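Biologist: I have a structure open and I'd like to learn how to read it. Can you walk me through it?

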Amino acid sequence: MQLALDSISKRVGAQTWLYDMGLVLQSNAVTVLLGATQAGKTSLMRIMAGLDTPTAGKVTVDGVDVTGMPVRERNVAMVYQQFINYPSMKVFDNIASPLKLRGDKDIDARVRELAGRLHIDMFLDRYPAELSGGQQQRVALARALAKGAPLMLLDEPLVNLDYKLREELREELTQLFAAGQSTVVYATTEPGEALLLGGYTAVLDEGRLLQYGPTAEVFHAPNSLSVARAFSDPPMNLIPATPLPQGVRLQGGRDLAIPLPAGSAAGALTVGVRASALRVHAHPGDVSVSGVVELAEISGSDTFVHAHTPWGELVAQLTGVHYFELGTSITLHLDPAQAYVFGADERLVWAPARHLAVQGGR
């Protein structure tokens, strides 16, 4: 199934919730809607589902205009942040409900298969209220998968779960979506979730579609500072810079030898450095900067170090557990090939992925 949005927009009173945008979803693949709260993700999904009608533009499914067609007349499965299940039905019947409506055979086998894949097969005889939040969300997901709809919409389905449950379900969903035949739209505020799910990503910001494409491509080559900010967690380090004939000069006096495209380096520049690109051990060709540790925090298997440097406040994401005393000196190292460069208009001028592509083609 191919869902297409043709120049749609959405206004509510004097407010514009979605600005004019066009988007053609990749069929039978996962598209992640990535953006902060109030970026427009839910508004866009409601239009896709038929819960709302765009103020302008149209929605088509396989070339057929379905703008204004109510959701009850569309074959859509939806999963929300809240755990929406039928409270008077046991888990088995919750999952079986779309199968019964469709008149399917072998309902028992299908329900048990889905429950097993989502690790809730031991709860089939319980009511939703007897389950934890994570278990209830698994029931809602199983029911959506049982529906077998060609379009599945998931609006931040894991946001209310604890960290461990989110990690488990993300991995399971990735496998479930890969094995399915649905066009999946998944809304999230978390870049890591988009990277794990893969597929395609549409980056939204304040009702505007900033970029859409294969997830890895959008991550490695964000077309603007706004996309880079949305697709970086922790936030990308941004360093003021000026152009040089052979590259750029960072605030604080360090030069990076980056072969910028001709005519692209007029005016002030911003160099973007992902936290994971900074390290404490030097490699040949690295550019280094000294600073003072302001904060060091361990999260999972990574250590995040915040340092005050001549380049500004930097955050380094180091693999493994490291200990730093606050106020001590630290030297951070950067391979210039891992730096992004954005122009005065905040559009992308240079990305590491482009550099690597050129290197690989030689």
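**Reading the model, step by step**

Modeller: Sure, and keep in mind that this is a predicted model. Let's begin with charge: the mean positions of the 30 positive and 37 negative charges of the protein chain are 5 Å apart.

Biologist: And the overall build: how many helices and strands does the protein chain have?

Modeller: Nine helices and 20 strands. The C-alpha atoms fill a box of roughly 70 × 45 × 45 Å along the principal axes.

Biologist: What share of the contacts links residues 24 or more positions apart?

Modeller: Take the contacts with a separation of 6 or more: 64% of them are between residues 24 or more positions apart.

Biologist: Now burial. Is Leu 131 buried or exposed?

Modeller: The idea is to compare relative accessible area with a cut-off, and buried means under 20%. Leu 131 has 7%, so Leu 131 is buried. Leu 131 sits in the loop between helix H3 (107-117) and helix H4 (133-147), and its contacts beyond four places in sequence are Val 91, Phe 123, Arg 126, Gln 136 and Val 139. Across the whole protein chain, 47% of the 362 residues are buried.

Biologist: Why is Tyr 323 called exposed?

Modeller: Exposed means over 50%. Tyr 323 reaches 71% relative accessible area, so Tyr 323 counts as exposed. Look for Tyr 323 in the loop between strand S17 (312-319) and strand S18 (329-334).

Biologist: Which residues make the nonpolar surface patch?

Modeller: Tyr 323 joins Ile 298 and Val 321 in a patch of about 350 Å². As for the accessible surface of the protein chain, about 17200 Å², carbon and sulfur atoms hold 51% of that.

Notes:
Residues numbered from 1 in each chain as written. Predicted model: local features only at pLDDT ≥ 70, side-chain atom pairs only at ≥ 80, totals over all residues. Heavy atoms only, no water. Helix = DSSP H or I, 4+ residues; strand = E, 2+ residues; numbered from the N terminus. Buried < 20%, exposed > 50% of the residue type's maximum accessible area, 1.4 Å probe, protein only. Contact = heavy atoms within 4.5 Å. Areas by Shrake-Rupley, 256 points an atom, 1.4 Å probe, with all protein chains shown as cover. Lys, Arg positive; Asp, Glu negative; His and termini not counted. Charge placed at Lys NZ, Arg CZ, Asp CG, Glu CD. Patch = residues over 30% accessible without salt bridge, like charges linked within 9 Å, V, L, I, M, F, W, Y side chains within 5 Å. Salt bridge = Lys/Arg side-chain N within 4 Å of Asp/Glu carboxyl O.
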